[in-house]
Amino acid sequence: MRVWISLLVIYSSFFIWYTDLGGKLSDEEIKSFISQLERNGVQDNIPEDRARVFLSSMTKFMKEDSGKQFFMVNIIDMSDNPTFSDGTSANDSADNLMNKYMEHMYPELFKRASHPVFFSSAVSDAMDVVGIKNAKVWETAVLMRYQSRRSFLEIVANPDLLGEHEYKVAALEKTIAFPAEPELYLGDPRMILGLLLLIIGLVARPITRK
């Protein structure tokens with residue numbers, strides 16, 4: 001019995017950390033995030049038309065929250081000549097700039113149980129492109145798991161990360177990123193850990209009875 005209790009405590013602790021139990025975003029949370037994103041746009045000198053489109057998209061994203069985890073699908077082409085938004089040369093490689101950006105992102109991601117689940121380098125140009133210009137060449141595909149839309153917004157709306165975001169923008173030639181909720185995710189760590197702990201419990205059961 002002690003073994004099962006210990007395994008249950010381990011699984012429960014992981015489940016609580018890995019799962020956002022707060023449900024859907026409330027109206028108050030949405031208003032707060034919108035206000036912070038508006039302030040960030042002003043501080044980051046984002047053009048008004050671009051800021052308006054971004055804010056509209058994010059507002060829709062928040063209002064349609066399901067309270068569940070989601071993946072951000074990222075398709076990336078790195079810049080050969082990284083340049084900051086003011087037109088000055090970054091004087092560094094795109095990979096180094098992206099690493100500088102991620103150095104600040106990883107702590108924010110992991111404390112919210114958000115992490116990469118897939119990373120791959122392209123082995124060929126795009127084989128099928130419809131309705132998109134300049135979309136033949138891509139370098140990397142990344143699938144990022146977010147605990148919830150709440151966790152995602154806590155990172156995106158964080159004003160302390162505005163300066164580091166400039167590194168990402170400079171590193172990219174072009175990118176496409178869109179959110180998707182999994183309908184089937186056999187690699188969910190909660191399921192894998194649950195099965196692993198169940199096996200450990202079954203194996204340990206006859207030993208503890210002796």
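In what order do the 4 strands of the open sheet lie? Select the strands of this predicted model and read across them: the order is β2-β3-β1-β4, with antiparallel pairing. At the edges stand β2 (115–121) and β4 (172–180), each of which pairs on one side only. From one strand to the next, the twist averages 15°.

**Across the sheet**

Begin at the β2 edge. Strand β2 is joined to β3 by 6 bridges, and the two run antiparallel. To see one position in this pairing, select F119, whose bridge partner in β3 is V142.

Next, select β3 itself, residues 140–146. This strand is mostly covered, with 5 of its 7 residues buried. Its antiparallel pairing with β1 extends over 7 bridges. Display F70 and Y146 together: Y146, in β3, stands opposite F70.

Proceed to β1, residues 70–78, which is joined to the antiparallel strand β4 by 8 bridges. Here M72 may be selected along with P179, its bridge partner in β4. Then add helix α6 (residues 162–171) to the view; the helix lies across β1 and β4 and runs at about 110° to β4.

**Salt bridges**

Now turn to the charged side chains. A search of the whole structure finds 11 salt bridges. One of them joins D20 and R150, with a distance of 2.9 Å from N to O. Because D20 belongs to the loop between α1 (2–18) and α2 (27–43) and R150 to helix α5 (residues 149–156), this pair ties together parts that are 130 residues apart in sequence. Is D20 buried or exposed? Its relative accessibility is 15%, so D20 counts as buried; the cut-off for this class is under 20%. R150, at 10% relative accessibility, also counts as buried.

Select R149 next and display D65 with it. Their side chains form a salt bridge at 3.6 Å, N to O. D65 sits in the loop between α3 (48–63) and β1, while R149 is in helix α5, so the pair ties together parts that are 84 residues apart in sequence. D65 is buried, with a relative accessible area of 6%, and R149 counts as buried at 10% relative accessibility.

Which residues are joined into one network by salt bridges that share partners? Select E108, K111, R112 and E154 to display this network.

For the last stop, select E64 and K60. These residues form a salt bridge in which the closest N and O atoms are 3.0 Å apart. With a relative accessibility of 45%, E64 counts as partly exposed.

Methods. Residues numbered from 1 in each chain as written. Predicted model: local features only at pLDDT ≥ 70, side-chain atom pairs only at ≥ 80, totals over all residues. Heavy atoms only, no water. Pairing = 2+ DSSP bridges. Axes fitted to C-alpha atoms, helices over the stretch in contact; angles between N-to-C directions. Contact = heavy atoms within 4.5 Å. Buried < 20%, exposed > 50% of the residue type's maximum accessible area, 1.4 Å probe, protein only. Salt bridge = Lys/Arg side-chain N within 4 Å of Asp/Glu carboxyl O.
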